[in-house]
Amino acid sequence: MNQPFEWRAAPKADFAVIGDPVKHSLSPKMHSAAYAALSLDLSYVAIHVSTGEVELALNHLGALGYQGVNVTVPHKEEVLNWARSPDEFALKARAANTIRMADRSAINTDAPGFLDTIEGRAPTGSRVLMIGAGGSARALAIALVLKGYSVQIHNRTRERAVELARVTGASVIESLDPADCDLIVNTTSASLSGADLPVNWDNAKPGAIAYDLAYAPQKTPFMLTAEAHGLKAMDGRELLVAQGARSFEWWLGRTAPRDAMLVALL
Ligand code: NDP
């Protein structure tokens, strides 16, 4: 685990991830492994920024010479106030996770990164049960619907699922029933507190994939229960690599060493 810097005490570096909390972020380890694999003389650090201070912090990092910044919870929306040219998808998702300091541009690599990770696992057009209606769910639902998947959303707070379905073109499902779904995605933060979700796994399609966006040293309760019902389960590490690799490529214009990045997380 890396000790993050407070933004006012940030060192000179090339890239960073900002968030609150940001202590648990694996991005510095992953990006540093990528630089080492390609013998690039670059540095990447974690920086703690409180809500309401994102613009001040980014101006400060820009003055220190940072080239790019990843943005994590809870600043993915606030950063859009600072960006001069957020791309169309980031605006629609109301979330950017990657910014370039030179032209204050902002993109979202979470959603295309997520699509990278399901390629070959859930065919385009297939049915997806999405659990949760927070920031990640919003970006993923927009991307999945645009790509032609049939997305059903279930959320603990039903009104948020209804609102998300309205803006994305997905539908709401009242119970956690994965019947006919090729992919069941847990976008909730339940796993972070060790909680399981009452999915009716008995109805799941054989061969369906249970995908938890969260990652931890051990499998999450959601993954363990899905596996106990014969499903394949995956956690959020591949997504972390996919979105990080896309950020790396956007900043540096060269192919990211995905294998080295994944190994750094294991
Ligand atoms: P948000 O805070 O925006 O949304 C959280 C969602 O989780 C809400 O829908 C909330 O429901 C639901 N929720 C929280 N606790 C529970 C519970 N105990 N039972 C059921 N539902 C619950 O979070 P994000 O969308 O930003 O992130 C969600 C998860 O995705 C986190 O675990 C995060 O670490 C992970 N993530 C992983 C990434 C990766 O690279 N692997 C990238 C991005 C996110 P309600 O509306 O009722 O409050």
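## Report on a two-domain predicted model

Val45 is buried, its relative accessible area being 14%, which is under the 20% cut-off. The structure described here is a predicted model, and Val45 has its place in strand E3, which covers residues 44-48. Leaving aside neighbours within four places in sequence, Val45 is in contact with Phe5, Pro11, Ala13, Phe15, Ala16, Val17, Pro28 and Tyr66. Ala260 lies 215 residues from Val45 along the chain, and the C-alpha atoms of these two residues are separated by 18 Å.

### Domains and their interface

The protein chain is divided into domain 1, with bounds 5-108, and domain 2, with bounds 112-236. Between the C-alpha centres of domain 1 and domain 2 there is a distance of 27 Å, and six residues of domain 1 are in contact with seven residues of domain 2. About 680 Å² of area is buried between domain 1 and domain 2, and carbon and sulfur atoms give 61% of this area. On the side of domain 1, Phe89, Lys92 and Ala93 supply 60% of the area buried against domain 2, more than any other three residues.

What polar links cross the interface of domain 1 and domain 2? Two residue pairs are in polar contact across it, both at pLDDT 80 or more, whereas the count of salt bridges between domain 1 and domain 2 is zero.

### Salt bridges

In general, side chains of opposite charge can pair when their charged atoms come close. In this model the count comes to 13 salt bridges, and three of the pairs are set out below.

| Salt bridge | Closest N to O distance |
|---|---|
| Arg94 and Glu77 | 3.3 Å |
| Asp116 and Arg246 | 2.7 Å |
| Lys205 and Asp182 | 2.9 Å |

The salt bridge of Arg94 with Glu77 has its closest N and O atoms 3.3 Å apart. Arg94 lies in the loop between helix H4 (88-93) and strand E6 (98-100), while Glu77 lies in the loop between strand E4 (68-71) and helix H3 (79-82), so the pair ties together parts that are 17 residues apart in sequence. Arg94 counts as partly exposed because its relative accessibility is 41%, and Glu77 likewise counts as partly exposed, at 43% relative accessibility.

The side chains of Asp116 and Arg246 meet at 2.7 Å, N to O. Asp116 lies in helix H5 (residues 110-118) and Arg246 in helix H9, so this pair ties together parts that are 130 residues apart in sequence. Asp116 counts as partly exposed because its relative accessibility is 30%, and Arg246 counts as partly exposed at 31%.

For Lys205 and Asp182, the N to O distance of the salt bridge is 2.9 Å. This pair links distant parts of the chain, with Lys205 in the loop between strand E11 (181-186) and strand E12 (209-212) and Asp182 in strand E11, 23 residues apart. Is each partner buried or partly exposed? Lys205, at 32% relative accessibility, counts as partly exposed, whereas Asp182, at 17%, counts as buried.

### Around strand E11

Asp180 is found in the loop between strand E10 (171-172) and E11. Not counting residues up to four places away in sequence, Asp180 touches Arg127 and Lys205. Asp180 and Ala204 are 24 residues apart in sequence, and their C-alpha atoms are 6.9 Å apart in space.

Thr188 lies in the loop between E11 and E12, and this residue is buried, with a relative accessible area of 19%. The side chain of Thr188 makes a polar contact of 2.8 Å with the side chain of Asn186, and the Thr188 side chain also reaches the backbone nitrogen of Ala190 at 3.1 Å. Not counting residues up to four places away in sequence, Thr188 touches Ile131, Gly132 and Leu197.

### Helix H9

Helix H9 consists of 16 residues (residues 237-252), which at 1.5 Å a residue should span 22 Å; the end C-alpha atoms of H9 are 22 Å apart, which agrees with that expectation. The buried residues of H9 are Leu239, Leu240, Val241, Ala242, Gln243, Gly244, Ala245, Ser247, Phe248 and Trp251. Arg246, the partner of Asp116 in a salt bridge, counts instead as partly exposed, at 31% relative accessibility. H9 is followed by Gly253, whose phi is positive, near 65 degrees.

Terms used
Residues are numbered from 1 along each chain as its sequence is written. This is a predicted model: local features need pLDDT of at least 70, side-chain atom pairs count only at pLDDT 80 or more; totals for chains, interfaces and linings use all residues. Side-chain values use heavy atoms; hydrogens and water are left out. Helices (H or I, at least four residues) and strands (E, at least two) are DSSP runs, numbered from the N terminus. The expected span of a helix is 1.5 Å times one less than its number of residues. Buried means under 20% relative accessible area, exposed over 50%, partly exposed in between (1.4 Å probe, protein chains only). Domain bounds come from an automatic or database domain assignment. Contact means heavy atoms within 4.5 Å. Buried area is the accessible area (1.4 Å probe) that two parts lose on being put together, summed over both. A salt bridge is a side-chain nitrogen of Lys or Arg within 4 Å of a carboxyl oxygen of Asp or Glu. A polar contact is a pair of N or O atoms within 3.5 Å; within protein, one must be able to donate a hydrogen and the other to accept it, and residues adjacent in sequence count only if both atoms are side-chain atoms.
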